[in-house]
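Let's take a walk through this structure together. Have the sequence and the 3D view open, and follow along stop by stop.

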Amino acid sequence: MSYMIGIDLGTTSTKTVLFDAAGQNVASATVLYPLYQDVPDAAEEDPEEIFQAVISGLTTVMRKGHIRPDELAGVGLSAAMHSVILLDAADQPLTRVITWADNRAAAFADQLKARPDALELVQRTGVPIHPMSPLVKLMWLSATDPALVARAKHIVGIKDYILFRLFGQYVQDYSLANATGLFNLHTMTWDPQALQLAGVQAAQLPQLVDTDYQLRGLNPAYATVTGVPIDTPFIIGASDGTLSNLGVNALAPGVLAVTIGTSGAVRVVVDHPVVDPNGKLFTYYLAPHRWVVGGPVNNGGIVFRWVRDQLFAPEKLTADQLHLDPYSLLTEIAATVPAGANGLLFHPYLGGERAPLWNAAARGSFFGLTRQHTRAHMLRAALEGIVFNLYAVMLMIEGLTGRPTAIQATGGFARSDLWRQMLADIFEQDVTIPASFESSALGAAVVGMKALGLVDSLDAVGAMVGTTHVHHPDTSTFPTYRTLLPIWIRLGREMAGEYQALAEFQRTQPMEGD
Ligand code: ADP
């Protein structure tokens, strides 16, 4: 029997999972670490804490898995996109890990967007212009602390840093490189103009390698601690977003991966790098002839959490007292209102928005309120509004890559029967909930299996991922959603002109929690 470990380096935790050859979870470990937000708009991690999380995760699964060391075929890696660490000539970190959630470079994103060649840049890099991207972060660092950037012998991402600590070489996979905004996806090399904008040299960046690249010769000290043999191949893998498509079995043409967790995403795999001419979707490399096109959405389940806390605090208290899940109680209340919430519309932009708007000033709203509407209507409208917004992202993807034919959906929302059915009804598509959890770790393990010849193709994942629920669209809801969706979309466009002015006013009136 051979086993693979998948490691997913996430924003607030690292998940390490030991899979058997059939992709089944044998043992897993989650190690949490803080996201440091001690300066306004900052969101950083400590590289040492993440390294220790990897060591601890490997040690735990090797112990819990009860396998012989020679049964471990390899280790595959996944990591959150857009992270940046600067290191000096002695390989010591000069910064913490600046994560995708760090917003300090916002002004430089605006500056870049205003350039006449902005869309050409996105056409070459596949990354929408946003403070999340390392290109924009490096523009900010080069402008505000040029000495720091000059002192940086190495500018890497979190996965590259971990692999350096384990193997002593700086390499970056095409997939994560593709998410930096510095990588030209047509030439598969660093983009000279992007490097110039960022104020960095190619020599400061890691060597680029494909996602099936293998590292061997694990540092003996860590082999001893973890129980992972020295000669175990580590396969570099890809980014968490692209590997998640693989891990939920959304590889085939037209299969849309929809995630509604705290945030959300809509993604599809295509066989060549098509880039959105409007620069509002990303295009990220996964493997040869596999590119992931999609949009990340800020406002997913976090909006439901706000509704729970602000509109349904008494129900939450009751549910807590009865040891019931407050979200389950709330979705039962939402089910008492018909599809379309009797014409109450909700734009979910409580946290600004990335796709489909790419507007940090976007704000939420209820539209169409009457005296007859109740809190239950507001609740249902909020859940529908989150899905309408994902639908708007899907429309952009459809325009670029064709009509999706099926949906594989994951995230905390999938615990609700009502919400899953709503997704099928609004998208007018069958929705399948895969049984995979830790989809990025599974994706990393499968890339590893393919690299080692244990499976012939990444499509082997199809036999590994089971199904928990299937929903078919309820045609009786179509007339309602077909009437409301165009109004919802038009309304969003009309309001866009006012978001900025209102956000500026709100900035002058800071509230608790800001
Ligand atoms: P994360 O994005 O941190 O991985 P999850 O995927 O667990 O988080 O998603 C958390 C979100 O899932 C919550 O904010 C909530 O909106 C939603 N959620 C959790 N439980 C339920 C439930 N029983 N019914 C509907 N939605 C739920």
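Start with S365, which is in contact with L345, F346, H347 and M495 once its neighbours within four places in sequence are left aside. You'll find S365 in strand β20, residues 365-367. Is S365 buried or exposed? With a relative accessible area of 17%, S365 is buried, because the cut-off for that label is under 20%. Keep in mind as you look around that this is a predicted model.

Now on to the helices, with α14 as the one to watch. Helix α14 covers residues 375-401, and it packs with helix α17, residues 478-507, at an angle of about 75°, the axes lying 11 Å apart. That makes the two helices, α14 and α17, roughly perpendicular. On the α14 side, the contact is made by R380, E384, G385, F388, N389, Y391, A392 and L395, while α17 brings Y481, L485, W488 and I489. Sort the residues of this contact of α14 with α17 by class and you get eight nonpolar, two polar and two charged.

Helix α14 also packs with α13, at an angle of about 105° and with the axes 8 Å apart. Angles of 65 to 115 degrees count as roughly perpendicular, so α13 and α14 get that description too. Here α13 offers L330, T331, I333 and A334, and α14 answers with A376, L379, R380 and L383. By class, the contact of α13 with α14 has six nonpolar residues, one polar and one charged. If R380 rings a bell, that's because R380 is also listed in the contact of α14 with α17.

What about the nonpolar core? In soluble globular proteins, nonpolar side chains tend to be buried together. The largest nonpolar core here has 172 residues, and F234 and F427 touch the most other members. Helix α14 turns up again, giving the most to this core with 15 residues. Zoom in on F427 and, not counting residues up to four places away in sequence, you'll see it touching L256, V387, L390, Y391, M394, R403 and I407. Y391 of α14 is another familiar name, as it also takes part in the contact with α17.

Next, look for helix α10, residues 240-247. Seven of its eight residues are buried, so α10 is largely enclosed by the rest of the structure. Which residues of α10 are buried? They are G241, T242, L243, S244, N245, L246 and G247. One of the partners of α10 is helix α16, residues 439-451: the two axes come within 7 Å and cross at roughly 80°. That makes α10 roughly perpendicular to α16. D240, L243, S244, L246 and G247 of α10 meet S439, S440, L442, G443, A444, V446 and V447 of α16. This time the residues of the contact of α10 with α16 divide into six nonpolar, five polar and one charged. Just after α10, look at N249, which takes a positive phi of about 60°.

From G241 in α10, you can hop to A179: the two are 62 residues apart in sequence, yet 10 Å apart in space, C-alpha to C-alpha. A179 sits in the loop between α7 (174-178) and β10 (183-184). A179 is buried, with a relative accessible area of 0%. Leaving out residues up to four places away in sequence, A179 touches M81, H82, V127, P134 and Y284.

Let's finish with the aromatic rings. A search of the whole structure finds 16 aromatic pairs. In one of them, the rings of Y174 and F183 have their centres 5.9 Å apart and their planes at 40°, so the pair is tilted. Both Y174 and F183 are buried. The rings of F304 and Y327 also make a tilted pair, because their planes are at 50°, with the centres 4.7 Å apart. This pair links distant parts of the chain: F304 is in helix α11 (residues 301-311) and Y327 is in helix α13 (residues 326-334), 23 residues apart. F304 counts as buried at 5% relative accessibility, whereas Y327 is partly exposed, with a relative accessible area of 24%. As a last stop, find the aromatic cluster formed by Y174, F183, W190, Y285 and W291.

Notes. Residues numbered from 1 in each chain as written. Predicted model: local features only at pLDDT ≥ 70, side-chain atom pairs only at ≥ 80, totals over all residues. Heavy atoms only, no water. Axes fitted to C-alpha atoms, helices over the stretch in contact; angles between N-to-C directions. Helix = DSSP H or I, 4+ residues; strand = E, 2+ residues; numbered from the N terminus. Parallel < 35°, antiparallel > 145°, perpendicular 65-115°, else oblique. Contact = heavy atoms within 4.5 Å. Nonpolar A, V, L, I, M, F, W, Y, C, P; charged D, E, K, R; others polar. Core = buried A, V, L, I, M, F, W, Y, C linked by side-chain atoms within 4.5 Å. Buried < 20%, exposed > 50% of the residue type's maximum accessible area, 1.4 Å probe, protein only. Phe/Tyr/Trp six-rings, centres within 6.5 Å; stacked < 30°, edge-to-face > 60°.
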